[in-house]
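Biologist: Please take me through one part of this model closely. Start broad, then go to the ligand site and follow the chain from there.

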Amino acid sequence: MKILILGAGYAGLTAAYKLRKFTDFDISIISKSRIVKENTIFPALLTDDVKIEDTEFDAYKEASKRKINFVEADINGIFPESNEIKTSVGKFDYDILFIALGGAYEENFSKIPGHEFAFMHHTLEGFLGLKNALDKMEDGVRVFVGNSQNSPIEGPSYQVALIAEYLMRKKGIKGEVYLSTQSPKGVFGPIPETWISEAANKYFEKRGIKILKGKSVKEIRKDKVIFSDNTEIYADIKSVLPTLSAPDIVKSANLTDSSNFINVSIPTFKHINFKNIFGLGDSAKSMVPSKTARGAMISAENAVSTLLHEVKGIDLPYYSQGILCMMIGGDDGGILRFDKNNNTTKIILDFGKIYLNAKKLYSRFLVNRAFDVSYHAALSFNYSFK
Ligand SMILES: Cc1cc2nc3c(=O)[nH]c(=O)nc-3n(C[C@H](O)[C@H](O)[C@H](O)COP(=O)(O)OP(=O)(O)OC[C@H]3O[C@@H](n4cnc5c(N)ncnc54)[C@H](O)[C@@H]3O)c2cc1C
């Protein structure tokens, strides 16, 4: 059986490793670059707590070790009717396709009017640009961090705001840090337990961060940010995360629905219309609105379990995606866990220095294992095949 995996991020690599563990299928991964970055630790670049070389690994080497083909190429077209993929190095065909091409951060950021006046705290280049600007801060500086409407990943914005506040304090610079949250409840507002946002808001406010609740970025100008409700705030340094979606090449293959994500069923992550296509990670619909690395790995676990059941009769557990956000914020950190399945809910909100090291250690672990991690501290999800 010929398996093609598009994208060598958290989701794509997790799918490849798990398939290799249980099968001798012909597995190929196609991705832009053999050098894969563990981007969840990028905020630590702002404080020099991590070096660039500690955030990356060579996925070609890791795949080869496991007898998985790795093709370094740009994917230019997906043709589900003919089971074909067009790339910069030629065409590929498949029996089963896993699409794990991420959330199109760059494409979506470039659609924000005035994006050139802001950084995007997602790519390495975005973080290095932001770091340079924060290094040059002077008294009176106003730093703004936020998300555009329907952005499913606010955790990195929380961390960047905390780090900006820490850097100002460390350098003795007098300035302001503004953090906008899409929810009117503030930090972690979408979590359906009000005490969480109340406690988180208190923590951020104690750190001197001004929370602009219920605001999403509509437009950026040289010296200000304009929100969807047409209010605005002046800022010298602006860092913004866009909304996410499946990349345009996936949308133009008619694999998405009005949500702009791959139209999969839950918890199998199998495409609604194409029975030999799975949509994973940031590219696909998910069990929870947040798009995270852990969620991406869980989507891959569930999708591969589905395929293994169907073609090999192997039954493995399914997992619930939930939210697990470990935060670094300069000289202090925090954690939010909100995991829920049919039987139980696990909630943790805590702040403390311990999470600084915990996050760094987990990131080292992810890099050293090249994302080959089989435990995600996730709850199981009850599911039985009909
Ligand atoms: C700063 C920051 C901090 C974060 N912190 C956390 C955290 O603490 N915990 C957490 O769980 N999540 C965190 N996230 C979210 C997490 O990074 C994403 O959810 C995760 O990267 C999604 O994984 P993925 O496999 O779906 O996509 P990706 O990791 O984006 O992988 C997609 C892959 O596809 C490749 N690709 C895309 N298009 C093409 C193409 N046309 N041709 C060839 N290759 C292509 C890309 O190069 C990439 O290798 C954070 C995100 C940011 C920005």
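**From the ligand shell to the sheets**

Modeller: Over residues 1-294, the chain is 25% helix and 28% strand. The end C-alpha atoms of that stretch are 28 Å apart. Keep in mind that this is a predicted model. The stretch comes from a record: an unreviewed UniProt entry lists residues 1-294 as "domain: FAD/NAD(P)-binding".

Now the ligand. How many residues surround the ligand? There are 35 of them. The closest are Gly7, Gly9, Gly102, Gly281 and Thr292. By class, the shell has 17 nonpolar, 13 polar and 5 charged residues. Several elements contribute at least two residues each: helix H1 (10-22), helix H5 (155-171), helix H8 (293-312) and strand E20 (323-328). Remember E20, as we will return to that strand.

Which domains does the shell draw on? It takes at least three residues from each of domain 1 (2-104 + 244-321) and domain 2 (115-241). Notice how domain 1 is written, with two stretches, 2-104 and 244-321. Domain 2 is written as 115-241. The C-alpha centres of the two domains lie 30 Å apart. Their contact takes 12 residues from domain 1 and 14 residues from domain 2. On the domain 1 side, the touching residues are 7 nonpolar, 3 polar and 2 charged.

Back to E20. Strands of a sheet pair through backbone hydrogen bonds, and the pairing can be parallel or antiparallel. E20 belongs to an open sheet of 3 strands, in the order E20-E21-E22, with antiparallel pairing. E20 and strand E22 (345-351) stand at the edges with a single partner strand each, so one side of each has no neighbour in the sheet. Neighbouring strands here are turned by 5° against each other on average, direction ignored.

Take the strands pair by pair. E20 and E21 run antiparallel and are joined by 6 bridges. In this pair, cysteine 325 stands opposite leucine 336 in E21. The hairpin of E20 and E21 has 4 residues between the strands. There, glycine 330 takes a positive phi near 85°.

The next pair is strand E21 (residues 333-340) with E22, antiparallel over 7 bridges. A hairpin of 4 residues joins E21 to E22. Two facing pairs help you trace the match. Phenylalanine 338 stands opposite isoleucine 347 in E22. Lysine 340 stands opposite threonine 345 in E22. Helix H9 (residues 354-368) packs on this sheet and touches E20 and E21. The direction of H9 makes about 115° with that of E20.

Now look at another sheet. It is open too, with 4 strands in the order E12-E11-E10-E16, but here the pairing is parallel. Which strands stand at the edges? They are strand E12 (209-213) and strand E16 (237-241), and each pairs on one side only. The twist averages 15° from one strand to the next. Strand E11 (residues 175-181) pairs with E12 in the parallel sense over 5 bridges. Threonine 181 has lysine 213, in E12, as its bridge partner. Helix H6 (residues 194-206) packs on this sheet, touching E11 and E12. The direction of H6 makes about 140° with that of E12.

Finish with two backbone details. Most residues other than glycine have a negative phi, and most peptide bonds are trans. Asparagine 260 is not a glycine, yet it has a positive phi of about 75°. This asparagine 260 lies in the loop between helix H7 (248-251) and E17. A cis peptide bond joins isoleucine 266 and proline 267, with omega about 10°. Proline 267 lies in the loop between strand E17 (264-265) and strand E18 (270-271).

To retrace the path on screen, begin at the shell residues, including Gly7 and Thr292. Step to E20, which supplies at least two residues of that shell. Then cross the sheet in the order E20-E21-E22.

Methods:
Residues are numbered from 1 along each chain as its sequence is written. This is a predicted model: local features need pLDDT of at least 70, side-chain atom pairs count only at pLDDT 80 or more; totals for chains, interfaces and linings use all residues. A residue is near a molecule or strand if its C-beta atom, placed from the backbone, lies within 6 Å of it. Ala, Val, Leu, Ile, Met, Phe, Trp, Tyr, Cys and Pro count as nonpolar, Asp, Glu, Lys and Arg as charged, and the others, Gly among them, as polar. Domain bounds come from an automatic or database domain assignment. Two residues are in contact if their C-beta atoms, placed from the backbone, lie within 7 Å. UniProt positions are given in the numbering used here, feature names are shortened, and annotations may be inferred rather than shown by experiment. Two strands pair if DSSP finds at least two bridges between them. Axes are lines fitted to C-alpha atoms, for helices over the stretch in contact, and angles run from 0 to 180 degrees between N-to-C directions.
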